[in-house]
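Here's a quick walk through a structure you haven't met before. Have a look around it first, and then we'll go through a few of its parts.

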Amino acid sequence: MGSKPWLQPAPTYRTLETYWDSDDDAPGPRCSHTLTAVAATKTHGPRLILFGGATAIEGGASSSAPGIRLAGVTNSVHSYDVLTRKWTRLRPAGEPPSPRAAHAAAAVGTMVVFQGGIGPAGHSTDDLYVLDLTNDKFKWHRVVVQGEGPGPRYGHVIDLVAQRYLVTVSGNDGKRVLSDAWALDTGQKPYVWQRLNPEGDRPSARMYATASARSDGMFLLCGGRDSSGVPLADAYGLLMHRNGQWEWTLAPGVAPSPRYQHAAVFVGARLHVTGGVLRGGRAVEGEAAIAVLDTAAGVWLDRNGLVTSSRNTKGHAEYDPSLELMRCCRHASASVGVRIYIYGGLRGDMLLDDFLVAENSPVQSDMNSPVLSPERAMNLSSPRFNQPNLSSFGMTPTSDDGSEFPSSASLSMDKNSMEKLREASAAEAEAANAVWQAAQAASSVPAEETSVSVSDDNSPAAETASDASDNDVDVHLHPRAVVVAKEAIGNLGGMVRQLSLDQFENESRRMIPSNNDLSYPTKKFTRQKSPQGLHKKVISTLLRPRNWKSPANRRFFLDSYEVGELCYAAEQIFMQEPTVLQLKAPVKVFGDLHGQFGDLMRLFDEYGFPSTAGDITYIDYLFLGDYVDRGQHSLETITLLLALKIEYPENVHLIRGNHEAADINALFGFRIECIERMGENDGIWAWTRFNQLFNYLPLAALIEKKIICMHGGIGRSIHSVEQIEKLERPITMDAGSIILMDLLWSDPTENDGIEGLRPNARGPGLVTFGPDRVTDFCKRNKLRLIIRAHECVMDGFERFAQGQLITLFSATNYCGTANNAGAILVVGRGLVIVPKLIHPLPPPIQSPETSPERVTDDAWMQELNIQRPPTPTRGRPQPDLDRSSLAYI
């Protein structure tokens, strides 16, 4: 879909203007420091944490002694706010690490871990120091680790692998250059370093190398200097197999130059390598100073494209200031979204305070061609934010009295859970903001320009959506909804009644609700065969509306190979479908499911299910996204829907939600569930493969050219259906610009009285749209109704803009606290829409099997929902925040 180049060259770096309040807040010139990206918190946006390094030089050209010596080693901490571009010096409480340089650092959620280095007193200890940035009370902690560890060293590397293991490799212990590798499991107490004995092609001993962990769990070691002082040009990937065995794999491709004392960081599947020196301390110059290792394609690239031989030369005929910026060493780099940041370094005998930035290619390589491992990986727009939650390192913020921080295992749902639900979700805002920043950086259109250039009523844009005549039968909501009585327990048959819409007291708005066109062609799909009827196996196992029970041991019944085959078969169908589906009534529309498979079975049981024994022969099924995260059975939900899509490709339809993105579902439960239920390596592989498939999902659906269905909304940028149709798939969140962000993330304003565009409490950069926007969009596109999901509503459905928009939510008792009903909308042949509801089940009377979604033994998802509260239920009290403040955008 679309002709885009496969290999994108290395980017060009430019100087970034920044701000600070006092000279003490500015980091100043330094080298041999660390720069680490930290995800947003409740009170702060994404930040870069700069720590330590050398701030002075002794010797040099003005000295009679040969060479230079680093001095002024510090332990100062500086924070750079990515959104405000402001530096601030931090003074955390607690005992800080000693002043040090040539140390190593890694992000663990909203914490930064530091280890090793060398200072005025010699080698630093191998203690782990943690800087906790979770709230405004920044604090240092020293982590107690039992047994033997890596020992004091400098010039080594460390990063978090598979969101769980701190891995450190190489360095110098003062006696020799090292080649060993160690891992510490942050999810298991007591903390113990394990010396690894990896299989495969082991890298030679080295120091001053770089390492960065790819989002799928591959740790990539690049370059360095060997024990003889020779710079190295190789790269090695370190992976852990499902049996717990680690393996080194030599990366293919020809590096532009050997180097050490350089910097490297992943963005998606692309490792961005900058600067460094050769033997004798001569800087890497020319085009070789900026390089990218594309681990999906297995090739090195510079700014001119593919590298086939070493290109390091001593400069170019023409002076290039952007390359001169990269003629440095001992600098540090980090990435936020698609941006790579570089600070400081050393050029000759001059310390640098340059702050540089570049954007990764907006067309990032997918990781579907894993050249470094047998396990597949995938393109994520914000890999440096895909870190575990705070409890994965066994800690939450400490109390002021210094008491030990509890692990996540001590958390449980308490009686204040409703208050937790009402709090705005800092975690979801952080994830949304990270994706927003990535999209804004990748977009060629500045954010401030996205709301202009709206065509007038006579322009082609006003005519794009439909050519249906205005005298066709109108769309209207049936005056009565079908409801399953909340008193019903177990077998719900016979407990169905109808209620007038006026009796829905929880619906936050009061308003009066306000034929077929067969002219468009329909496309016939060839059913994709899955090996040995795999999709039929999934359907026979899971499609049991009356008697499905959650597996006793929670082990998922498919392995990673079967998941891959199922995804491939469904992907082939999605690739043939348009970005905006064209559907005919009747259609049964489902809102957010969020892994609550028991609710899906209840809806199927009460109102029909997609089978020849059910109603698939005369009604289509449309699902509006958010199939995963939050609930305990995301795997069952997505695999059954994919299997149904394969079995009934013309009757079952899936579009994408905002949680069908790796940056989001890495944080809100799906990734954890895959690992918990399929094992570490199988789970990561399956999670990766599902997210590859999500990039192919259609983005909207038109029913009879009168009703448009989407996940989020029209936001600030969507004025015509054609804008959505022009989005090319596969598409990642960062590549989709503002249109995709609005389509998947925006919400209606709080009520019909709030018009225009307003900031969205989900996070900076996101908006809500008023009823005037809905009316204008429907008029321009000759539409009568928008059906969208994305927000929990108390009655399962809710009207807006005098009935021109309906929000639909199908999961009951969202996150175990909302106590909301779930609903579907049945769009009949005459475009009469009937809401059909189910209420939350009461707690189980005798056994958890009575209510599959109430299994209390599985505390991990409850803990996650406590730590990352959901977006507040629509129409319920909001936190006391200024919703009209432009600080939100």
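## A helix checked by length

Take helix α10, residues 680–694: with 15 residues at 1.5 Å a residue, it should span 21 Å, and its end C-alpha atoms are indeed 21 Å apart, so the two agree. Keep in mind that this is a predicted model.

Is α10 buried or exposed? Buried: 15 of its 15 residues count as buried, so the rest of the structure largely encloses α10.

## Where two helices cross

Now bring in helix α7, residues 634–647. The axes of α7 and α10 come within 13 Å and cross at roughly 50 degrees. Because angles from 35 up to 65 degrees fall outside both the roughly parallel and the roughly perpendicular ranges, α7 is oblique to α10. The crossing of this pair, α7 and α10, is left-handed.

Which residues make the contact? On the α7 side they are Leu635, Ile638, Thr639 and Leu642, while α10 brings Phe690, Leu693 and Phe694. A handy bit of background: an α-helix has 3.6 residues a turn, so residues three or four places apart point the same way.

## An open sheet

Elsewhere in the chain numbering, you'll find 5 strands forming an open sheet, in the order β25-β26-β27-β28-β29, with antiparallel pairing. Its edge strands are β25 (263–267) and β29 (305–306), each of which pairs on one side only.

Zoom in on one of those edges. Strand β25 is joined to β26 (residues 270–274) by 5 bridges, and the two run antiparallel. Across this pairing, Phe266 stands opposite Leu271 in β26.

Note on methods. Residues are numbered from 1 along each chain as its sequence is written. This is a predicted model: local features need pLDDT of at least 70, side-chain atom pairs count only at pLDDT 80 or more; totals for chains, interfaces and linings use all residues. Side-chain values use heavy atoms; hydrogens and water are left out. Two strands pair if DSSP finds at least two bridges between them. Helices (H or I, at least four residues) and strands (E, at least two) are DSSP runs, numbered from the N terminus. The expected span of a helix is 1.5 Å times one less than its number of residues. Buried means under 20% relative accessible area, exposed over 50%, partly exposed in between (1.4 Å probe, protein chains only). Axes are lines fitted to C-alpha atoms, for helices over the stretch in contact, and angles run from 0 to 180 degrees between N-to-C directions. Angles under 35 degrees count as roughly parallel, over 145 as roughly antiparallel, 65 to 115 as roughly perpendicular and the rest as oblique. A crossing is left-handed if the near helix is turned anticlockwise from the far one by less than a right angle, and right-handed if clockwise. Contact means heavy atoms within 4.5 Å.
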